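Reader: I am new to this structure, and I would like to learn how its labels are earned. Could you show it to me and take my questions one at a time?

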Amino acid sequence: MAKVDPWEMTQVKDYAKLVRDFGIRGFEDFQRRFEYLRYVRRGIIFGQRDFNLIVDAIDHGRPYAMMTGLMPSGCFHLGHKMVADEIIWFQGLGAQTYICAADVESYLMRDVQFDEAWETAIQDYLANYFALGLKKDNLHFWFQSDYVNPYYRLRDMASKRVTFNELKAIYGDLSPSKITSALTQVADILHPQLPEFGGPKPTVVPVGADQDPHIRLTRDIASRLNAKRGSRRDMRCVAPSATYHKFMSGLTGDKMSSSDPKTHISLTEQPKKAAKKVLSAKTGGRETVQLQRKKGGEPDKCVIYELYLYHLIDDEAELSRIYHECRSGKLLCGQDKKDCARLVERFLSKHQGNLEKARSRARKFIKKV
Ligand code: TRP
C-alpha cells in the first residue's frame, strides 16, 4: 500500500485508490445538499470522514467547529484560495472557526524563520482570507509557537497516546521535527474541544488529501484520549471529521507549488503578469490547429479548463458550452487562453481592490506585526 507523505506529496493520480486504501468515504451522500458550492457540485471535494456528525450538528443547531491550518511559507495562490472558500463556507454555516498559522511546522520542515512566517501569515494569508470574505466574528486565529497553555498540554498528552512504531507506519521515515509537527497538528485539531474552548463538539477539518495521515493519527489519538483510564486531566473528545479536496494542477501541468512562480497564480501578483502566465499555460490542445479542428481538444487534460472549473466560471451551462466547443474542435486554445487570461485579470484586479483594507484588518486582528 502506497504511503501518503504530507511533507513530500507530489501529485495524486488516483483519488479513488486513496479512498480504497485509507478508508476515506465518498462525498456522494452530501452532494445534493451542498451542491450550491462549486467544489462540491464538481466533485473537487471528493471525500470525507464522519461528515454526517457535522450535518447533524447543523441540523440540530448544536455547536461544532471548523479547524484547518496553513503553512506560512511561499505566497498565497489559487490553491490556497480553494481552502479559503471552504473555510468561509463553513463559517457561513455557523461553524466556530479555527485557523492555525503553522509557524512551528514551517520552521521545522521548511526552515522558515518565525518573524518571516508571522509576516506572511498575517499580510498574505489572513489578509487574503478577509478579502475573500472571512468574517472576524467567531474566528480563532493563532500561531503554533505562541498560543495558550492548555493547547501545549494537550500536545504533550497526545504524545503519550501513540507509539513510535505507529508513527513510523503512518509517516514512513521519521525525524524529531516531523514528530513535533505531527503532534502539534493533533493539538491544533483537538484543542477546540478542550473545556477552555467550550468542550467536546464535532470538528470538521477541510484539507487536501495529503493531510490524511495527520487526520488518521488525530482520530486514533482522540479515541485513546477518550478511554477511561489515564490521568484526570484527560479530555473527552469527538474524533474529528474531515473533508478532502483534490489539488489543482500547476500552470505547467505539474504540481502547483508556492515556491515556483511558473506553476501558480498568486492572489497578489500583478493582474497583467498573471494574464501573461495564462497565455503560456499547458492546455489539452493537439499538435496542430488542423488536427485540433478534426479531433477536438482534451479539456480534461487542460490547465485552462481547471482554472474555470475551480475558480473562474461558476455557471454550469457556460462551463459545459466551453467543454463541448473544445471537444468538438470549435474552440481553439489560442482563443480559450485569451478568454481565460481576461477572467484571471478581472478577478485579480477586483480582489486586489479589497486587499489593502483587508491587510489593515488582518494587522488589527492580530496586533503582532
Ligand atoms: N500541515 C498543514 C500543511 O502542510 C498545515 C496545518 C497545520 C494544518 N495544522 C493543521 C492543516 C491543522 C489542517 C489542520 O499545510
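Author: Here are the questions and answers, and please keep in mind that this is a predicted model.

Reader: Let's start with the sheet. What makes it an open sheet, and in what order do the strands come?

Author: Seven strands take part, in the order β1-β2-β7-β6-β3-β4-β5, with mixed pairing. The two ends are β1 (25-26) and β5 (139-143), and each of these edge strands pairs on one side only.

Reader: How do you know that β3 and β6 pair?

Author: Two strands count as paired if there are at least two bridges between them. Two bridges join β3 to β6, so the pair meets that cut-off. They run parallel, and M66 stands opposite V204 in β6.

Reader: What are the other parallel pairings of β3 and β6, with β4 and β7?

Author: Strand β3 (residues 65-70) pairs with strand β4 (residues 96-101) over six bridges, in the parallel sense. In that pair, A65 stands opposite Q96. β6 pairs with strand β7 (residues 241-245) over five bridges, also parallel, and there V205 faces A242.

Reader: Why is β6 called mostly covered?

Author: Six of its six residues are buried. T203, V205 and V207 point one way, while V204, P206 and G208 point the other way, and all are buried.

Reader: And just after that strand, why is Q211 called buried?

Author: Q211 sits in the loop between β6 (203-208) and α11 (212-226). Its relative accessibility is 17%, and buried means under 20%, so Q211 counts as buried.

Reader: What is Q211 in contact with, leaving aside neighbours within four places in sequence?

Author: Its contacts are P6 and Q185. Q185 is 26 residues apart from Q211 in sequence, and their C-alpha atoms are 10 Å apart in space.

Reader: How do you know that there are zero disulfides?

Author: A search of the whole structure finds zero of them. A disulfide needs two cysteine sulfur atoms within 2.5 Å. The sulfur of C302 has its closest cysteine sulfur in C333, 6.1 Å away, so that pair is too far for a bond. For C326 the closest cysteine sulfur is also in C333, at 6.3 Å, which is again too far.

Reader: Are those two cysteines, C302 and C326, buried or exposed?

Author: C302 has a relative accessible area of 6% and C326 has 11% relative accessibility. The limit for buried is under 20%, so both count as buried.

Reader: Where do C302 and C326 turn up among the cavities?

Author: They help to line the second largest cavity, together with P299, Y305, I322 and D336. About 30 Å³ of space lies in that cavity. Its lining has five nonpolar residues, no polar ones and one charged.

Reader: How many cavities of 30 Å³ or more are there, and what lines the largest?

Author: The count comes to two. The largest holds about 50 Å³ of space, and its lining is L78, K81, I265, H311, L312, V344, F347 and L348. By class, these are six nonpolar, one polar and one charged.

Reader: Which helices supply at least two residues of that lining, and which gives the most?

Author: They are α5 (78-92), α14 (303-312) and α16 (333-366). α16 gives the most, with three residues.

Notes: Residues are numbered from 1 along each chain as its sequence is written. This is a predicted model: local features need pLDDT of at least 70, side-chain atom pairs count only at pLDDT 80 or more; totals for chains, interfaces and linings use all residues. Side-chain values use heavy atoms; hydrogens and water are left out. On a 1 Å grid over the protein atoms alone, a cavity is a set of points where a 1.4 Å probe fits but cannot get out, and a pocket is an open set with protein on both sides within 12 Å along at least five of seven lines; lining residues have an atom within 4 Å of a point. Grid points are joined across faces, edges and corners, and a volume is the space filled by probe spheres set on the points. Helices (H or I, at least four residues) and strands (E, at least two) are DSSP runs, numbered from the N terminus. Ala, Val, Leu, Ile, Met, Phe, Trp, Tyr, Cys and Pro count as nonpolar, Asp, Glu, Lys and Arg as charged, and the others, Gly among them, as polar. Buried means under 20% relative accessible area, exposed over 50%, partly exposed in between (1.4 Å probe, protein chains only). Contact means heavy atoms within 4.5 Å.
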